[in-house]
Structure formats: C-alpha cells, structure tokens
Number of protein chains: 2
Amino acid sequence: MKNFKPYYAVIFTSTRTEGDYGYNEMSALMESLAKNQDGFLNIDSARNEVGITVSYWESLEAIQSWKQQTDHILAQQIGIKDWYKWYNVKICKVEREYEFNK
Amino acid sequence: MKNFKPYYAVIFTSTRTEGDYGYNEMSALMESLAKNQDGFLNIDSARNEVGITVSYWESLEAIQSWKQQTDHILAQQIGIKDWYKWYNVKICKVEREYEFNK
C-alpha cells in the first residue's frame, strides 16, 4: 500500500478473576497514562467473556518504554496477583489497514 | 525469541448500527465458517461501545482466502449496508507473544 507507514499493535487478551480489586479504577488510570507516553497512537478495549485491549504505538521502543513505566509495572504486578486468571500479550506489526465509514 | 514462528492477526474494530438485522446469527455463522478455513488459528471477540474481533491466521494467503470466501463476501456486503456505522480492518504480523496463566 502506498504511503502506509507501519506501526505496532499490542493485543492484550485476558480473562478476569471474580471481584473488582480496584481493577476498574486502575484500568482507567493506565489508559490515561498510556495516552501520555511518547509514541502512543490509540487504544481500544472491550470485554465480555474475554477482554481485548489493543493499543497502537509508533515503534517497538515506545512499547518497551510503556512496559517499563513505573506505575504500569505496579499494575502488571497487581494484575498477576489479583485481576487476571489468564492473559496473553502479542506484539504485532500493522502492515496494512482499510476502513469503512457510513 | 527462539523458535517463535510469526503468524498473522486481523484486527476488526467496529461500531454497530441500532438493531440486530440478523447480525448475531450471521456473526455466529461467520465464526464457524472461519474456523473451517485452511490456515485458521484462533478468534477472540468482545463488544461494548466498540467491538473488537481479532482472528489469527497462519499466512497472508489464508487471510486473503477468507476475505474472498463466498458467504463471507455476502456478510461483508450486509455489514456495510446494515450492521456497521464504522469499521476498521488491520492486517498485522504477530512478532512475539507471552502469556500468564494462574
């Protein structure tokens, strides 16, 4: 595709434990912190039986910086302890895209 | 990462119109048809304000074959006519992943 500049997606798929344990509050905080990171592009989330959050980034370096952000490291630790039964993180290169708008 | 074989993800993000218009039935049918395609690996879906469906495939050729599958073409046409206000499709190469299991 002409003039398409590849960027990166982090697909975070998860199943939650029962109970909130501060999850909703921290989730909103993490989203606002991610948006302030260098190289952040966009984020989409939805949850039913499974939760899917996809964040988009300019580079692998931007993803690495976000992974190592101090508050995010704390959230990752609580996530393992309290919030998630299971999660999977995939680092992807977005190679092309198309869109429909009514 | 050692021994990691890259594969592909199709991230389909959408917002629905009001009303069902046969969407739920067709959605279930499309998922079962996708699972029968050569090169299909997995699919995850969730919908709140935004819907996210991520399907995983062995190759770009497998994604192309699914895009051109007859029933899927029909679903894409109804999708544009009735189901979606907006959608975006991203073709991605999954470069690495990690997982947590309690």
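This is a short viewer tour of a two-chain predicted model, from the whole complex down to one helix on the sheet.

Before you click: residues count from 1 along each chain as its sequence is written, while chains are lettered from A and ligands numbered from 1 in the order in which they are written. Since the model is predicted, local features need pLDDT of at least 70 and side-chain atom pairs count only at pLDDT 80 or more, while totals for chains, interfaces and linings use all residues.

**Stop 1: colour by confidence.** Chain A has a mean pLDDT (the predictor's confidence in each residue, from 0 to 100) of 96, with 98% of its residues at 70 or more. For the complex, the predictor reports an ipTM of 0.95 and a pTM of 0.95.

**Stop 2: superpose the chains.** Fit chain A onto chain B by least squares on the C-alpha atoms of residues with pLDDT of at least 70 in both. You'll get a rotation of 180° with 0.0 Å of shift along its axis, at an RMSD of 0.0 Å. That's how a two-fold axis relates its copies.

**Stop 3: select the interface.** Use contacts, meaning C-beta atoms, placed from the backbone, that lie within 7 Å. You should pick up 31 residues from chain A and 31 residues from chain B. On the chain A side, β1 (7-16), β2 (40-47), β3 (51-57) and β4 (84-101) each give two or more residues; strands here are DSSP runs of E, at least two residues, and helices are runs of H or I, at least four, all numbered from the N terminus. β4(A) gives the most, with 18 residues. As for chain B, 100% of the interface residues of chain A are interface residues there too, so the copies meet through the same surface.

**Stop 4: zoom in on the two β4 strands.** β4(A) and β4(B) run antiparallel, joined by 15 bridges (strands pair if DSSP finds at least two bridges between them). Pick A:Arg96 and look across: its bridge partner in β4(B) is B:Ile91.

**Stop 5: show the whole sheet.** Which order do the eight strands of the open sheet follow? Trace β2(A)-β3(A)-β1(A)-β4(A)-β4(B)-β1(B)-β3(B)-β2(B), with antiparallel pairing. β2 of each chain stands at an edge with a single partner strand, so one side of each has no neighbour in the sheet.

**Stop 6: finish in chain B.** β2(B) pairs with β3(B) in the antiparallel sense over seven bridges, and B:Ala46 has B:Ile52 in β3(B) as its bridge partner. Now add helix α2 (residues 60-67) of chain B, which packs on the sheet and touches β1, β2, β3 and β4 of chain B. Its direction makes about 35° with that of β1(B), using lines fitted to C-alpha atoms (for helices, over the stretch in contact) and angles from 0 to 180 degrees between N-to-C directions.

Technical notes
Contact = placed C-beta atoms within 7 Å.
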